[in-house]
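User: I would like to go through the terms used for this model one by one. Please set each value against its definition.

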Amino acid sequence: MDDLSRRTVLAMSAVGGAVLASSDAGAASFGNPDEPAQGAINSTPAATSTPGPQNPTLAAQLPSFQSPPPTDVGTMPMLWSSFNIMPKRIQAGGWGRQVTITEFPASKDVSGVDMRLGPGGIRELHWHLANEWGIVTSGRCRVTLLDQEGRAYVQDVGVGDLWFFPAGCPHALQGIGAEGCEFLLVFDDAQQSEFSTLLLTDWIAHTPPEILAQNFGVPADTFKNIPLHDLWIFQGKEARPLAAAQASVASGGTPPEPFTFSLTGTKPVKQNAGGTIYLADSRTFKASKTITAALETFKPGALRRMHWHPNADEWQYWIKGKGRMTVFDAGPRARTFDFQPGDVGVVPKNQGHYIQNTGTEDLQVLIIFKAPEYQEVDLSNWLTHTPPELVAQHLNIDPAVLARFPKDQVGIQPG
């Protein structure tokens with residue numbers, strides 16, 4: 001064999017060996033299932049570096065975007081957003097910021113508003129085309145509403161308390177006490193904007209004086225000092241005592257079901273070493289016909305078990321702590337997202353997911369569904385209520401080990 005032929009054979013042997021080694025290194029394995037292999041574990045520091053323009057502060061908030069786990073695969077819509085990146089509308093009595101389908105296309109069922117009312121701050125008398133659900137996250141708030149039968153409802157609510165205002169029922173909100181309040185609003189229409197509501201001052205200002213006079217049975221100049229622009233959130237006077245406010249509107253009667261509800265005053269549906277879950281749907285908070293909510297708190301390292309929801313998308317408001325969620329869909333597709341306080345997430349109906357507390361303090365997440373009742377399918381509960389020999393043939397796990405899987409719904413596993 002001449003020298004050229006010898007070098008050719010050696011070169012081809014080297015290439016073949018390299019291909020074989022590469023194939024072995026990239027072979028699918030437990031925790032690293034894809035071919036070609038995914039994730040930084042299958043790459044090098046030089047290849048995974050980011051020498052170009054970047055925002056380190058933002059990148060640090062979303063580490064799983066910078067280096068996804070090797071089990072992530074495929075593409076998925078952006079299921080993360082945040083109130084922290086939404087502009088506030090600020091007026092004398094407080095502020096509001098919102099996440100609708102315009103800002104967050106994945107949110108197809110509901111829209112959300114984060115609102116602050118300072119002490120005495122008033123959210124102007126108004127009504128909506130959609131149902132409104134609310135939860136107080138700080139301070140205390142007075143709610144005032146007139147129902148469809150002309151019955152007034154006035155109540156004070158605090159942290160963990162809810163309200164539900166049916167579409168078309170006029171209402172107002174006011175911050176009370178030295179702190180005022182902050183709360184989350186959820187509308188069961190993804191396009192409902194807090195900045196486009198039916199306002200008392202708008203209608204009065206855009207009605208001819210003679211019509212106002214005839215409608216209310218008073219002289220037209222009664223209205224000569226009305227605001228010519230809407231008030232939205234304005235600084236009001238301190239609210240008078242609750243009993244006095246309730247007495248002043250009692251003539252119309254009392255609604256049969258309260259429009260407020262103490263979520264954290266109920267018994268948790270789940271409580272163990274890993275955390276606590278409170279639940280409110282139309283079976284417990286009877287006024288809330290279209291919105292179901294769960295307030296979930298997890299200890300450091302705890303896992304909200306793998307599950308899905310068959311009756312509605314899951315909309316999330318992350319209240320405190322740090323967490324990570326992975327969503328699974330057909331394809332296969334799997335994507336991991338990181339969350340901080342003020343962030344918003346969505347999990348489409350029937351897509352599997354889990355949440356893990358990745359921080360050093362309690363993680364609290366508010367879960368919302370546009371549905372009258374809560375429904376969940378827990379993966380472990382399903383597998384333990386399927387004939388064990390059938391599951392064993394799928395997963396190559398001894399039935400004796402399968403018997404140790406958790407057998408309950410709404411699961412939290414301690415860290």
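User: Why is H128 called buried or exposed here?

Analyst: This is a predicted model, in which local features need pLDDT of at least 70, side-chain atom pairs count only at pLDDT 80 or more, and totals for chains, interfaces and linings use all residues. Residues are numbered from 1 along each chain as its sequence is written, and side-chain values use heavy atoms, with hydrogens and water left out. Buried means under 20% relative accessible area, exposed over 50%, and partly exposed in between (1.4 Å probe, protein chains only). H128 has a relative accessible area of 3%, so H128 is buried.

User: And what makes H126 buried or exposed?

Analyst: The relative accessible area of H126 is 2%, therefore H126 is buried as well.

User: What joins the side chains of H128 and E132?

Analyst: A polar contact of 2.8 Å. The term covers a pair of N or O atoms within 3.5 Å; within protein, one must be able to donate a hydrogen and the other to accept it, and residues adjacent in sequence count only if both atoms are side-chain atoms. The side chains of H126 and R123 also have a polar contact, at 3.5 Å.

User: Which residues does UniProt list for "binding site"?

Analyst: The unreviewed entry lists H126, H128, E132 and H171. They are spread over 46 residues of sequence but cluster in space, with a largest C-alpha distance of 11.7 Å. UniProt positions are in the numbering used here, feature names are shortened, and annotations may be inferred rather than shown by experiment.
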